[in-house]
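Here are my notes on the model you sent. They are numbered so that you can reply point by point.

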Amino acid sequence: MSVVQPLLDLQEIDGRIRDLQQEIRDIPQRKDQEQERLSGAREALDHAQAELKNAQLRVSEVELEIEARQDRIQALKKNQVLLKTNKEFQMYNLEIAKLEGEIANYESRQIVALDDVIPVKHRVAEAQAKLQEDQEAVDAYTAELDARLVAVQEELAAVKTERAEAAKKVTPQFMFYYERLLSKRWPVVVELGDDCVCGGCHLVQPPSVGQMVRRNQGIVACQMCGRILFMKQ
Ligand SMILES: [Zn+2]
C-alpha cells in the first residue's frame with residue numbers, strides 16, 4: 001500500500017466536500033435563472049395590458065365624441081322652442097341633422113372599437129394564464145432547490161465529520177503539505193504514470209523522482225506543480 005494512502009482517502013472525502021460546496025454556491029444562481037425565465041411571460045403580459053388600455057381608450061374617446069354631440073342636440077332642441085322665425089327653426093334642424101349624422105358615424109366607429117377590445121382581452125387572459133403557469137413551475141422548482149440546499153448542507157456537515165476522522169490517520173507532516181497545496185491545486189495527490197508522467201500537470205519527471213516514488217517512503221512532489229505523487233503498489 002502506498003504511504004500516501006491515508007491522504008488518498010482524505011482526498012476522496014475532500015472531493016465530495018468540494019462537490020457539495022460547489023452545489024451550495026450554484027443553487028442561488030439556479031434560483032435566479034428560474035426567476036429570469038418569468039421575465040418573458042411578464043413582458044408579454046405587460047404588452048397585452050398596454051394594448052388593452054389603448055383599445056379601451058379608443059372606445060372611450062368615441063363615447064366622448066358621441067356624448068358631446070348628444071349634449072349639443074339637447075341644447076339646440078331646448079333653444080329651438082324659443083325661436084321666433086321659421087328660418088331660424090330650419091337652421092337649427094339642419095344643425096341637429098348634421099350632428100345626428102356625425103353621431104351615426106361615431107357609432108359605427110364605436111362598434112369597430114369595441115370589436116377590437118375583444119381579441120386584446122383574450123390576449124391579456126392568455127398572457128396571465130401563461131405567467132401563472134410559469135410562476136407555478138418556477139415556484140415548484142425553487143422549492144425543490146431550497147429543499148436540496150438543506151439536504152446538501154446536512155450532507156456536507158456529515159462529510160466534514162467523516163473528514164475529521166480520516167484526517168486523524170494522516171501523519172501531521174503529510175497533512176501540513178497536503179493542506180498547503182489544497183488551496184492551490186486539485187487534486188493534490190496524483191498518480192505517477194509508468195512513463196513517469198505527473199498525473200496532474202503531465203510533466204515527465206526525472207528518473208530519480210520515479211525511483212523515490214517507487215521506494216514509497218515519504219512524500220515525493222512533482223518537480224513542476226508540487227503535487228504529491230504516488231504509484232499503485
Ligand atoms: Zn505535476
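1. Is histidine 202 buried or exposed? It is exposed, because just 12 other C-beta atoms lie within 10 Å, and 12 or fewer is the cut-off for that class. Keep in mind that this is a predicted model. Histidine 202 sits in the loop between strand 1 and helix 4. Its phi is near 70°, a positive value in a residue other than glycine.

2. Cysteine 196 belongs to that loop too, between strand 1 and helix 4 (207-215). Phi of cysteine 196 is positive as well, about 65°, and this residue is not a glycine. Cysteine 196 is partly exposed, because 17 other C-beta atoms lie within 10 Å. Most residues other than glycine have a negative phi, and most peptide bonds are trans.

3. On the subject of peptide bonds, look at tryptophan 186 and proline 187. A cis peptide bond joins them, with omega about -10°. Proline 187 lies in the loop between helix 3 (172-182) and strand 1 (189-191).

4. Now the overall form. The radius of gyration is 41 Å, where a compact globule of 233 residues would have one near 17 Å. The C-alpha atoms fill a box of roughly 130 × 35 × 25 Å along the principal axes. Buried residues make up 10% of the 233 residues.

5. The domain assignment gives domain 1 (15-165) and domain 2 (171-233). Their C-alpha centres lie 65 Å apart. The secondary structure comes to four helices and two strands. Along the sequence the pattern reads α-α-α-β-α-β.

6. How do helix 1 and helix 2 run relative to each other, roughly parallel or roughly antiparallel? Their axes come within 6 Å and cross at roughly 170°. Angles over 145 degrees count as roughly antiparallel, so helix 1 and helix 2 are roughly antiparallel to each other. The crossing is left-handed. Helix 2 covers residues 86-168.

7. Alanine 55 gives a local view. This residue lies in helix 1 (residues 5-80). Its C-alpha atom is 6.9 Å from that of alanine 113, although the two are 58 residues apart along the chain. Beyond residues up to four places away in sequence, alanine 55 touches Asp116, Val117 and Val120. Alanine 55 counts as partly exposed, because it has 18 C-beta neighbours inside 10 Å.

8. Last, contact range. Take the contacts between residues at least 6 apart in sequence: 72% of them join residues at least 24 apart.

Technical notes:
Residues numbered from 1 in each chain as written. Predicted model: local features only at pLDDT ≥ 70, side-chain atom pairs only at ≥ 80, totals over all residues. Domains from an automatic or database assignment. Rg over C-alpha atoms; globule rule 2.2 N^0.38 Å. Buried ≥ 20, exposed ≤ 12 C-beta atoms within 10 Å, placed from the backbone. Contact = placed C-beta atoms within 7 Å. Axes fitted to C-alpha atoms, helices over the stretch in contact; angles between N-to-C directions. Parallel < 35°, antiparallel > 145°, perpendicular 65-115°, else oblique. Left-handed = near helix turned anticlockwise from the far one by under 90°.
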